[in-house]
Amino acid sequence: MDVIFGRNKEEHPDPIKAEVKGELPSWLQGILLRNGPGMHTVGETQYNHWFDGLALVHSFTFKNGEVSYRSKYLRSDTYNCNIEANRIVVSEFGTMAYPDPCKNIFAKAFCYLSHTIPEFTDNCLINIMKTGEDFYATSETNFIRKIDPLTLETLEKVDYSKYVTVNLATSHPHYDSAGNILNMGTSIVDKGKTKYVIFKIPSSVPEKEKKKSCLKHLEVVCSIPSHSLLHPSYYHSFGVTENYIIFIEQPFKLDILKMATAYFRGVNWASCLSFHKEDKTWIHLIDKKTKKDATTKIYTDAMVLFHHVNAYEEDGHVVFDVISYSDNSLYQMFYLKNLTEDLTENTKLTSIPACKRFVVPLGFDKDAEVGTNLVKLPSTTATAVKEKEGSIYCQPETLCEGIELPRINYDYNGKKYRYIYATEVQWSPVPTKIAKLDVLTKEKLSWEEEHCWPAEPVFVPRPDSKDEDDGLILSSIVTSDPKKPPFLLILDAKTFMETARASVNVDLHLDLHGIFIPEKDLNPEHE
Ligand SMILES: CC1=C(/C=C/C(C)=C/C=C/C(C)=C/C=O)C(C)(C)CCC1
Ligand SMILES: [Fe+2]
């Protein structure tokens, strides 16, 4: 198992032609660009957690029925400092490291309480974000790194905090149909306040500023005060509908005082995060027009969630689907010491990922009696009960268990939708199947093959498609049998039958997230 999770992967910056079996449709032209950890050992030092690994960006390029593969380590300051020192000198989520005394890029890592927040890593290993014609590797700190989507070369380091006061930001932004970005981040103890800030990055810049980055035109939409100054919630994504932004303030929280002293105490960032199972999970519904949060207090039981699947409005309700857990065992499971020998023994999740549907009424009869279920949608068993002080207590409907890394046809983002594509996981971190869930009928189609570990499935719509599931699913498959080369799997999203596969003889890494860039979106200047 060590081989798959913790072993350093080689980069392949020059394109490698894949061997294609099956027929690739001629309209599939573009790049599947993905990100994830590829190196967990530097010199004699090792990261503790799988989420700490140095970002290895990789791509599958589809051109005229052929597929080629490339990969390249993100040349972040973190990567460069580590490689130069031949040891880990920059702290990551699960590993506290001590800077090389000769180098001072990260020397600020021991700021004092007055500026509580340390200089974070720019090892952007989680996702890829598109702003206008630019592409960035992203993580959850204030840094993102521009990359060239064709050569995978690392370009400038961008500090979100130069444009908006945030110390952290999600790596799951939303895009509207024009490509404008909506994202959110946390501003910690700034001017005596801790808040969640929602911001917009336009998809284009005024003509006269053509060479400038869209980030320069970032605008704050609104902010939501944190329930607690020193314990803001951790969040990995958020939801949007046509008129609302959904932010879940979960009782999985950062402890700012612990973070401020972590460096001196020699403990990692992960130890500054804790799940308060006795607390509530607050549901914030922000009206995009008024930029105000709902006046009613809306909550559900304690839970931990990373991924929102989708959300929409229906007959005066906001419906949102998430993958949630009943504790934070997911983060625990990804410690490399647990991912080595007996994987199934060490990595039993104490809570299984469950796809849950929440429904919140938008307007309701103010005279409704306490105890009334305010959800009037016949299609769901989710409830929202009016309570004594006028607050609303929500209980979800479970749509399905054992799925993670959800994706949808993005044309349906924020709209009523029917299909979720995801990896299937049971009680261990190893995904063994790709699933398609019909949220209407709860029927599930799946793809699996012996020794195959699929990555997050990405949906690519067929041009001019009418049906939501008319398109292809792309998923890179790592194999646990050394005799079987890894491949990119292409499934017909409707039937879940294999359309083609493109095998590459490389040591493919397990990754996290990515995007498909249709050829028309690739800047011709890059070509
Ligand atoms: C370095 C660092 C962080 C990194 C978090 C990471 C890297 C999270 C990855 C999460 C994933 C991949 C979840 C998948 O579902 C924090 C905690 C934001 C804050 C402190 C500094
Ligand atoms: Fe994620």
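Here are legends for four close-up views of this protein, which is a predicted model.

**View 1. Four histidines hold the iron ion (ligand 2).** Look for the nitrogen atoms labelled NE2: those of His172, His236, His307 and His513 are the protein donors, and they lie 2.0 to 2.1 Å from the iron ion. The angles among the four donor atoms run from 94 to 150 degrees, and the site is irregular. Along the sequence, the donor residues follow the spacing H-x63-H-x70-H-x205-H. One pair links distant parts of the chain: His307 sits in strand E24 (residues 304-314) and His513 in strand E39 (residues 513-518), 206 residues apart. Are these two residues buried or exposed? His307 has a relative accessible area of 8%, so it counts as buried. His513 is buried too, with a value of 2%.

**View 2. Helix H3 (residues 256-265) has its buried residues on the same side.** Those buried residues are Ile256, Met259, Ala260, Ala262 and Tyr263. Why do they share a side of H3? Around the axis they cover an arc of only 140 degrees, which puts them on the same side of the helix. Their cover includes strand E15 (181-190) and strand E20 (252-254). Now visit the two ends of the helix. At the start of H3, a side-chain oxygen of Asp255 comes to within 3.1 Å of the backbone nitrogen of Leu257. After H3 comes Gly266, with a positive phi near 70 degrees.

**View 3. Asp470 is a buried residue in a loop.** You can find Asp470 between strand E35 (458-461) and strand E36 (471-479). Its relative accessible area is 17%; the cut-off for buried is under 20%, so Asp470 counts as buried. Which side chain makes a polar contact with the side chain of Asp470? That partner is Arg462, at 2.6 Å. Leaving out residues up to four places away in sequence, Asp470 touches Phe459, Pro461, Arg462 and Ser465.

**View 4. Six strands form an open sheet with mixed pairing.** Follow the strands across the sheet in the order E18-E19-E22-E23-E28-E27. Strand E18 (239-240) and strand E27 (383-386) are the edge strands, each pairing on one side only. In general, strands of a sheet pair through backbone hydrogen bonds, either parallel or antiparallel. How do E27 and strand E28 (residues 392-395) run, parallel or antiparallel? They run antiparallel, and four bridges join them. To pick out a matched pair of residues, start at Val385: its bridge partner in E28 is Tyr393.

How values were computed: Residues are numbered from 1 along each chain as its sequence is written. Chains are lettered from A and ligands numbered from 1 in the order in which they are written. This is a predicted model: local features need pLDDT of at least 70, side-chain atom pairs count only at pLDDT 80 or more; totals for chains, interfaces and linings use all residues. Side-chain values use heavy atoms; hydrogens and water are left out. Donors are N, O and S atoms within 2.8 Å of the metal (3.2 Å for Na, K and Ca); water is not among the atoms, so sites may look incomplete. Four donors count as tetrahedral if all angles lie between 85 and 135 degrees; four count as square planar and six as octahedral if opposite donors are over 155 degrees apart and all others between 65 and 115; anything else is irregular. Buried means under 20% relative accessible area, exposed over 50%, partly exposed in between (1.4 Å probe, protein chains only). The arc is that of the directions from the helix axis to the C-beta atoms. Contact means heavy atoms within 4.5 Å. A polar contact is a pair of N or O atoms within 3.5 Å; within protein, one must be able to donate a hydrogen and the other to accept it, and residues adjacent in sequence count only if both atoms are side-chain atoms. Two strands pair if DSSP finds at least two bridges between them.
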